[in-house]
Amino acid sequence: MNSKDIIHRGKEVIRIEAEAVANLASGIDEQFVEAVETMYQCKGRIVLTGMGKSGLIARKIVATLNSTGTASIYLHPTDALHGDLGMVRGEDVVILISKSGESEEIINLIPMFKRLGVKLIAMCGNKNSKLARESDIFINIAVKEEACPYDLAPTASTTATLAMGDALSVALLHKRNFTQEDFAMLHPGGSLGKRLSLKIKEIMVTGERVPKVRENTSLKDVILEITSKRLGTTSVVNEEGILTGIITDGDLRRLLEKTMDIKDLKAIDVMTKNPKVIKPEFLASFALQQMENYKITSLIVIDDSNKPIGIVHLHDLINLGLQAR
């Protein structure tokens with residue numbers, strides 16, 4: 001098998017699986033609507049079960065449902081018959097996945113689920129199968145062929161099942177009016193979660209670590225303040241503690257390029273007036289966007305009296321994995 005053959009085989013698999021997914025659209029019907037409505041009305045959890053590759057796909061659908069606001073769990077069919085059935089409650093909805101609709105382990109569970117009184121949704125590729133007949137709702141995931149040359153290894157069928165699971169999850173997401181903020185609440189550790197929820201007050205440098213000098217502070221002490229606080233900048237305040245300016249190490253370098261006669265200079269002589277500032281309740285992603293817009297590396301955080309209460313640095317935001325809004 002040469003390179004040309006390998007490329008051909010790869011493209012052929014993609015073609016078969018793409019067609020399998022595309023053909024699912026014609027099967028989105030009133031049964032699909034009823035499945036979404038049933039899941040939406042569910043007072044318990046959505047329980048998914050499946051053997052082998054179907055079980056792996058079920059776990060992915062569980063993860064998608066949980067991350068989009070629908071409580072969901074995976075139940076291994078064999079374990080269910082040996083005690084784990086106890087995790088299923090009458091208010092749950094069960095989705096059973098089987099390509100043939102005849103998987104013995106799945107079929108054996110049906111009487112148990114019916115005894116509990118739960119609603120059953122079958123995801124299978126045979127509407128005449130026992131699973132399809134015994135379930136309350138049938139979702140068709142039939143495919144013409146597998147990408148496997150022997151039509152044996154689940155490939156196109158598992159891709160189609162996964163796509164149908166996404167279709168159910170996203171339709172349910174819209175039904176719930178699930179927002180980006182809801183998503184962020186469930187993903188606090190992810191980049192999107194941080195972008196949508198992390199606020200300045202949660203990450204800013206505070207207290208004695210905030211570089212701050214008075215307007216009449218000598219330039220020598222300004223340099224010491226910037227150096228000791230290690231943020232490359234310092235805020236400048238007046239006698240009332242109100243922010244009046246900012247001095248960065250870049251300002252100092254540019255000053256020294258012009259003159260070495262700095263002995264008598266004060267902070268007020270070299271500071272940049274009206275610096276860019278931000279309030280602590282703003283999103284950290286907004287701070288990052290402001291820094292990118294104004295080509296600066298830090299923002300002074302002020303309170304309602306315009307007094308500096310913190311500072312946020314570009315490096316800290318990047319280290320958190322944040323992206324601009």
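**A colleague's note: an acidic patch and a four-stranded sheet**

1. Let us start with Asp29, which sits in the loop that links helix H1 (3-24) to helix H2 (30-41). Please keep in mind while reading that this is a predicted model.

2. Is Asp29 buried, exposed or partly exposed? With a relative accessible area of 38%, Asp29 counts as partly exposed, because that category lies between the 20% limit for buried and the 50% limit for exposed.

3. Asp29 also has acidic company: together with Glu30, Glu34 and Asp136, Asp29 makes up a patch of negative charge on the surface. It is worth displaying these four side chains together when you look at the model.

4. Now to the sheet. Strands E6, E7, E8 and E9 form an open sheet, in that order, and the pairing is mixed. E6 and E9 are the edge strands, each pairing on one side only.

5. How is strand E7 (residues 233-237) placed with respect to the rest of the structure? Of its 5 residues, 5 are buried, so E7 is largely enclosed by what surrounds it. The cover extends to both faces of E7: on one side Thr233, Ser235 and Val237 are buried, and on the other Thr234 and Val236 are too.

6. On one flank, E7 pairs with strand E6 (residues 212-214) in the parallel sense, over 3 bridges. A handy landmark here is Val213, whose bridge partner in E7 is Val236.

7. E7 also pairs with E8, here in the antiparallel sense and over 5 bridges. Val236 turns up again in this pairing, standing opposite Gly245 of E8. Val236 is thus a useful residue to follow, as it is the partner of Val213 and also faces Gly245.

8. What do E7 and E8 form, and what is notable in the turn? The two strands form a hairpin with 5 residues between them, and Gly241 in the turn has a positive phi of about 80°.

9. Strand E8 (residues 243-248) is mostly covered as well, with 5 of its 6 residues buried. E8 pairs with strand E9 (residues 272-273) in the antiparallel sense over 2 bridges. Across this pairing, Gly245 stands opposite Lys273, while Ile246 stands opposite Thr272.

10. For a quick walk across the sheet, begin at Val213 and step to its partner Val236 in E7. From Val236, cross to Gly245 in E8, and from Gly245 go on to Lys273 in E9. That path follows the strand order E6-E7-E8-E9.

Notes:
Residues are numbered from 1 along each chain as its sequence is written. This is a predicted model: local features need pLDDT of at least 70, side-chain atom pairs count only at pLDDT 80 or more; totals for chains, interfaces and linings use all residues. Side-chain values use heavy atoms; hydrogens and water are left out. Patches are made of residues with over 30% relative accessible area and no salt bridge: like charges are joined within 9 Å, nonpolar side chains (Val, Leu, Ile, Met, Phe, Trp, Tyr) within 5 Å. Accessible areas come from the Shrake-Rupley method with a 1.4 Å probe; for residues, only the protein chains shown count as cover. Lys and Arg count as positive and Asp and Glu as negative; His and the chain ends are not counted. The place of a charge is taken as NZ of Lys, CZ of Arg, CG of Asp or CD of Glu. Buried means under 20% relative accessible area, exposed over 50%, partly exposed in between (1.4 Å probe, protein chains only). Two strands pair if DSSP finds at least two bridges between them.
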